[in-house]
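Q: Please take a close look at one part of this model: the strand pairing and what packs around it. Which partners stand where, and which residues are buried or exposed?

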Amino acid sequence: ILSSRVQPDPSGSETCVCLQVEKHLEPFRLSLEKLQDVSARLRKDMLRGLGKHAHHRAAVKMLPTFVRATPDGTEKGDFLALDLGGTNFRVLHVRVLEEEQRVLKMDSQICAIPQEIMLGTGEKLFDHIAACLAEFLDSQKLRGQTLPLGFTFSFPCEQKEIDKSILIRWTKGFNCSGVEGEDVVRLLKEAIHRRGDYDIGSVAMVNDTVGTMMSCGYRDQSCEIGMIIGTGTNACYMEEMKNVKRVEGEDGRMCINTEWGGFGDDGSLKDILTEFDEEVDKTSINPGVHTFEKMISGMYLGEIVRLVLLKLTEEKLLFKGCPSEALLTPGSFETKFISEIEDGLENAKKILTKLALDWDLVDACVARLVCDTVSSRSARLCAAALATIANRIRTNRGLDHLKTTVGVDGTVYRKHPNFSDELQAAVRLLAPKCDVSFLISEDGSGKGAAMVTAVAQRLALHCMLNFL
C-alpha cells in the first residue's frame, strides 16, 4: 500500500517513504532475543524485590499479600465485598456454592463519595462507608448476620497481615486526614463499632490483581497467576514461602503482588525506550515512575500512537504534512481508537476524519500500521514478563513441565482484537516448557475479594482443627 504513494513519482523524491516510516517504527519491534533479555532482567529484579534487605531499593516491589493458598473447591457460604478505589465504591453480597463450583454475585450497590468527604477527616470517610454498608445489609435483609468481608482498597498500602494494611499515601483525589500511616481495616472496624447496630466477621484485604487470580481460581484450581492489562498493568503469582525473605516461615506458598509496572524505574529498560516513550514519561504526572506500565498499558498507548503520528506528519510522511488541532492536543488520541483502527480500515477512516485530518488511503493504512506496531510491542512485553513468572514457578517446583492458568482482566486484554493472541503466542516462545492457559476474570474486586476471604477462613479453620 505504501508503495502506491511511491510509484507515480518519477523523480524518486518519495521513494524512501516506506523506509522513513519504518525508521520510526523499528525501535518498537523487539526481537525474540531482546524479549528473552527483558525477561532475564525482570527475573533479577524479582529476586531483589523478594530479598529481606534488597527490597527497599528494588524497582519491582514483590509485595507479600498474606494470601496463603488458592481455592480448592471446598469453599462455600455468604460473604460481603467492599471495593474502594475512586469517587464511588461498591458493596456486594457474594454467595459461594460448593456443589456447583460457582461464585454468585447476589446483589451490589454503588455509593458515591462526595468531594467534602474525600477531602475531610478519615473518621468521616469510614463513617460514610459504614453507613452505606448498613443500608446495603438492610436492603439484602442480611442485618443480624455476621458475614466475613473482602476489602479491595486500591491505594498504595503496605500489607502486614491478611487483615492489616497500612495506607502509604492517598491518590486519585483523596486527601482524608488521619489515615496515612494507619491500618485501614482497623479504621473500618472502628467506624462500624461506633454505629453499634451491626457487625462484620473476619476481614481480608485484597489487591485487585489478587482478586483477579482468586475469582478464576474457584473455576480452575490450576490458576496461580493473576494479571491485569487495562488502564494500568500488574501481576501476582504464588511464590514458595522459603523465598519470601521479608515474612517469617518456610512452609507453603504465598501470593506475591509483583507491582511489575515499576519495572525499569531504575533505568534497566533505558535501551528499549523510544523517543516517544521518553516524551510520554516526561509529560506524565509521575515522571520516572511506572516505566514498564507506560510502555504497555491503556492509559498511555493512545498517547504513544499520537506522538508517532505527529512525528510522521511533521516529517511530511502523513496527512500532507498538516497536523490537525486534535492531533496536536495531548490525550486526544484515545487508546480505544487503537483497537477500533486495527479492527478494520473503515474504522481508521472514520477516526482520522473525527480528528479533522486530511487523509488518503495510504494515510489510513499507515495509521493502522502504527497502531499495530505499538499494541504488538505492548503484548510482547507483557508476554516477556508473564513468561518470567511462569518459568519461575516451574523452576521453583523443580518441574520439567508446568501446566498453569492465568486469571486475566483489563480493557486492553478484553477489547483489543489481536492483543490476547499475540501475547499468548509470545508466551509459548518465551516459556516453552510451560503450558499456560488464560481465563478471563469475572469481577475480581467483588467475587475475587469474596474468594480471598473464603480461602482465609478455610485455612484458619484448618489451623484451628489441627491445634485441637
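A: Two strands count as paired if DSSP finds at least two bridges between them. The model is predicted. Start with strand 5, residues 149-153. Strand 2, residues 77-84, runs parallel to strand 5 and is joined to it by 5 bridges. Leu 84 stands opposite Phe 153 of strand 5. Strand 8, residues 203-206, also runs parallel to strand 5, with 4 bridges between them. There, Gly 150 is set opposite Ala 204.

Now the burial of strand 5. Of its 5 residues, 5 are buried. One side carries Leu 149, Phe 151 and Phe 153, and the other carries Gly 150 and Thr 152. Both faces are covered.

Next, the charged residues around these elements. Asp 83 makes a salt bridge with Arg 90, with 3.9 Å between the closest N and O atoms. Asp 83 counts as buried because its relative accessible area is 16%. Arg 90 is also buried, at 17% relative accessibility. Arg 143 and Asp 197 meet in another salt bridge, 3.0 Å from N to O. This pair links distant parts of the chain, 54 residues apart. Arg 143 sits in the loop between helix 5 and strand 5, and Asp 197 in the loop between helix 6 and strand 8. Arg 143 is partly exposed at 31%, and Asp 197 is partly exposed at 34%.

The loop between strand 7 and helix 6 holds Val 179. Val 179 counts as buried because its relative accessibility is 0%. Its contacts include Gly 122, Phe 126, Trp 170 and Leu 187. Asn 347 is 168 residues from Val 179 in sequence, and 47 Å away between C-alpha atoms.

Another set of strands forms an open sheet. It has 6 strands in the order 1-11-10-9-12-13, with mixed pairing. Strand 1 and strand 13 are the edges, each pairing on one side only. Strand 10, residues 233-240, runs antiparallel to strand 11, residues 253-257, with 5 bridges joining them. In strand 11, Ile 256 is the bridge partner of Tyr 237. Helix 7, residues 208-217, packs on the sheet and touches strands 9, 10, 11, 12 and 13. The direction of helix 7 makes about 130° with that of strand 9.

Tyr 237 also leads into the interior. The largest nonpolar core has 51 residues, and Tyr 237 is among those with the most contacts inside it, along with Met 227, Leu 381, Leu 386 and Leu 423. Helix 13, residues 361-396, supplies the largest share of this core, 11 residues. Apart from it lies another core of 40 residues, including Leu 147, Phe 153, Val 185 and Leu 187. Among the contacts of Tyr 237 are Met 46, Leu 50, Met 254, Ile 389 and Glu 224.

Glu 224 has a charged partner. Its side chain meets that of Arg 397 in a salt bridge, 2.8 Å from N to O. Arg 397 lies in the loop between helix 13 and strand 12, Glu 224 in strand 9, and the two are 173 residues apart. Glu 224 is buried, at 11% relative accessible area, whereas Arg 397 is partly exposed at 21%. Buried means under 20%, so these two residues fall on opposite sides of that cut-off.

Key: Residues numbered from 1 in each chain as written. Predicted model: local features only at pLDDT ≥ 70, side-chain atom pairs only at ≥ 80, totals over all residues. Heavy atoms only, no water. Core = buried A, V, L, I, M, F, W, Y, C linked by side-chain atoms within 4.5 Å. Buried < 20%, exposed > 50% of the residue type's maximum accessible area, 1.4 Å probe, protein only. Contact = heavy atoms within 4.5 Å. Axes fitted to C-alpha atoms, helices over the stretch in contact; angles between N-to-C directions. Salt bridge = Lys/Arg side-chain N within 4 Å of Asp/Glu carboxyl O. Lists of a residue's contacts leave out its neighbours within four places in sequence.
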